Every structure is written in C-alpha cells, then in structure tokens.
Amino acid sequence: MKLAVVFPGIGYHVDKPLLYHSKRVAAAHGYEIKNVPYGNFPAGVKGDKDKMSACFFSALDQCEELLKDVDFSQYEEILFISKSIGTAIASAYARKHELTTRNVYFTPVKESFRFMDQPGLVFHGTADSWVGTELIRMECGKRDLTLFVIEQANHSLETDDWKQDIETLYGIMHRVDLYLSEPAREPEQSRQTAGKVKLDVILEAIEFADNAITYYLDTKTGESVMLSEFDEDEELEDEIEYNEEGRYIPLPTQFDINEYSIMERFIDQLSNARMQNQLARAIQGRGAFRRFKDTLARLGIEDEWYEYRDQTYRELALEWCEENGLEPVE
C-alpha cells in the first residue's frame with residue numbers, strides 16, 4: 001500500500017494545477033490520495049515573519065487533527081506533495097512523527113529549509129517573489145535535493161505566456177512521473193554525531209519559540225522535538241519527564257531569548273538619534289512588538305533589524321552549545 005498526502009500553500013488549494021495534476025500522477029502510480037485542507041490564514045503573510053510563524057503552527061496543529069486517523073505504519077511507501085509554506089509543514093510533520101517520506105516540494109519558502117531534511121524534488125521559479133533563486137540553489141545543494149528551476153516563473157510556476165505555462169506544467173508532471181517510477185532513496189544519516197549538533201536545529205527552535213511551546217534536543221536523533229499545550233502528546237511528555245540517560249535537553253525558551261531585550265539593544269546600537277527616539281517610544285506599554293514592527297517599516301530599516309536579530313539568535317545558539325558541551329556543526 002502507498003499513500004500520497006497533499007499539503008497546500010497559502011491561497012494555493014489542493015485542486016490548483018500543480019497539486020491537482022501531481023495527485024493524478026501519484027494515483028496512476030498506485031498511491032492512495034489524502035488531502036490536508038488546512039486554512040483560515042491571515043492576509044499579508046509574505047515578508048512578515050510573525051504571520052508566517054503563526055500560519056505554520058496553525059497549519060501544523062490542523063494537520064494533527066486532519067491526519068489523526070491515518071495509520072502510516074500500514075503503508076510501505078509515503079509520498080508528501082507540498083506547496084510553498086506547505087513544504088515546511090509537511091517536513092515538520094514528517095520529522096515530528098518520524099516518518100520516512102518521498103517528497104515533491106513545489107516552491108519552498110525560505111523558512112521551509114529549517115525542516116526539509118528528506119530527499120525529493122524541488123521546483124522553483126526565478127521570478128518567485130517569496131524567495132530568491134540563489135538561496136534556493138544554496139539550500140538545495142546543502143541537502144542534496146534535486147532542483148528544477150523554471151525561468152521567469154512566479155510562485156505558482158507560471159508566466160505571462162499561457163502556452164509556455166502548459167508546456168512547463170507538462171514538463172513538471174513528467175519529472176514527477178519519472179521520480180515516482182524510480183526506487184525510493186534512503187534518507188540521509190541522522191544530523192547528530194557524537195557530541196555534535198547541527199546549528200540549524202537550535203536556530204529553528206529559537207526562531208519558533210513561543211509561550212505555548214517548549215522545544216527539546218533529542219540527543220539520540222539530533223533533531224528537536226516540541227511539546228505544545230495545544231497538542232497533548234502524553235507519551236512524549238512522559239518520555240521527556242523521565243528523560244532516561246539525559247536523552248532530552250531543553251532548548252532556549254522565549255524567556256531565554258527575551259526578544260524585548262533584543263529590541264532594546266538594537267535601538268541602542270543605532271547611530272541615528274531620530275530613529276532611536278521613535279523606536280524607543282514605540283516599545284513602551286502594551287502592543288510594543290506591533291508598534292516596533294510598524295515603526296521599523298515606516299523608517300525603512302526592517303532588514304537591518306532582522307539581520308541584527310538573526311545574528312543575536314546565532315550567538316545565543318552558540319552559547320547554548322557551549323553550556324551543554326556540544327559542538328555546533330554548520
């Protein structure tokens with residue numbers, strides 16, 4: 001028995017061309033099809049890290065409910081077909097449930113690569129406004145993912161030429177067909193080696209830290225696991241509570257990260273006094289985080305803030321490794 005699970009993007013539902021025809025190809029190869037129709041996302045997600053994070057966790061929670069009755073153990077082969085943010089959701093779900101999957105990744109976004117650690121095909125358009133081609137090439141190269149780049153295609157892998165789009169769609173489905181005709185590749189070895197940990201495992205926990213979620217490093221697998229108050233995994237809770245042989249190490253929490261303090265330090269290092277004063281006023285009182293982001297946008301220094309924050313996250317991750325006697329690996 002074989003199962004194909006379809007993870008849509010934001011605004012790109014399971015019956016739009018890439019996903020619809022991929023399902024048909026998978027069905028022709030004997031896969032049972034399961035759609036995961038999560039939704040109810042806010043507008044204006046592109047470029048907004050907070051909204052992207054909220055969408056990710058919302059969709060992941062919905063996946064748990066939508067797939068709760070699926071017995072993955074009965075399938076000899078599992079295929080995940082995913083689009084845009086769905087590539088991150090599918091990969092995170094597979095990691096959480098320790099599933100070995102084949103994958104068709106359509107137009108992954110930057111955040112997806114924190115989770116995409118199983119082999120598959122990646123399709124990307126050079127006119128994709130969500131993510132740059134250089135980053136896609138670099139990240140796919142790191143993970144030995146098979147990348148197909150469509151020139152001048154947007155986030156839907158379409159251009160202004162409908163004839164060309166039909167030819168492109170046929171070419172994509174032909175590649176998917178060939179991929180499903182090949183024997184499945186074995187996943188790469190665990191990212192964990194003795195005394196070492198992939199730095200991106202820690203960074204992704206820091207990136208998505210939340211009051212309702214606690215992350216742990218599983219030193220046996222090298223991956224992070226999460227406990228959420230919205231997802232009662234009693235078996236995992238018990239395993240972490242008893243934590244035999246120190247298998248689980250708590251990763252930095254929102255308290256450890258203290259993003260408000262990071263904002264204050266960012267403001268202090270600015271050389272423009274006018275910007276300093278406006279941002280300092282913005283972070284006073286309730287709603288500080290939203291006002292801070294709005295002020296950053298108005299001043300045109302959002303990129304400067306995210307660069308500073310990401311560097312601070314990296315320093316925090318390196319400190320955590322040193323405190324826990326682990327060697328960080330890029």
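The following paragraphs lead through four sites of this predicted model: a buried loop residue, two residues with positive phi, and a charged surface patch.

The first site is L67, which lies in the loop between helix α2 (49–66) and strand β3 (77–83). With a relative accessible area of 1%, L67 is buried, because buried means under 20%. Its contacts, leaving aside residues up to four places away in sequence, are V5, F7, K34, V36, F72 and Y93. For one of these partners, K34, the separation from L67 is 33 residues in sequence, while the C-alpha to C-alpha distance is 8.8 Å.

At the other end of β3, the loop between this strand and helix α3 (85–96) holds S84. S84 is not a glycine, although its phi is positive, at about 55 degrees. A relative accessibility of 4% places S84 among the buried residues.

A positive phi also occurs at N258, again in a residue other than glycine, with a value near 50 degrees. N258 lies in the loop between α8 (254–257) and α9 (259–269). Whereas S84 is buried, N258 is partly exposed, with a relative accessibility of 37%.

The last site is on the surface, where E234, E235, E237, D238 and E241 gather in a patch of negative charge. One of these residues, D238, is found in helix α7, which spans residues 234–242. D238 has a relative accessible area of 40% and is therefore partly exposed, since that class lies between the limits of 20% for buried and 50% for exposed residues. The same value satisfies the requirement of over 30% for residues that make up a patch.

Notes:
Residues are numbered from 1 along each chain as its sequence is written. This is a predicted model: local features need pLDDT of at least 70, side-chain atom pairs count only at pLDDT 80 or more; totals for chains, interfaces and linings use all residues. Side-chain values use heavy atoms; hydrogens and water are left out. Patches are made of residues with over 30% relative accessible area and no salt bridge: like charges are joined within 9 Å, nonpolar side chains (Val, Leu, Ile, Met, Phe, Trp, Tyr) within 5 Å. Accessible areas come from the Shrake-Rupley method with a 1.4 Å probe; for residues, only the protein chains shown count as cover. A salt bridge is a side-chain nitrogen of Lys or Arg within 4 Å of a carboxyl oxygen of Asp or Glu. Lys and Arg count as positive and Asp and Glu as negative; His and the chain ends are not counted. The place of a charge is taken as NZ of Lys, CZ of Arg, CG of Asp or CD of Glu. Helices (H or I, at least four residues) and strands (E, at least two) are DSSP runs, numbered from the N terminus. Buried means under 20% relative accessible area, exposed over 50%, partly exposed in between (1.4 Å probe, protein chains only). Contact means heavy atoms within 4.5 Å.
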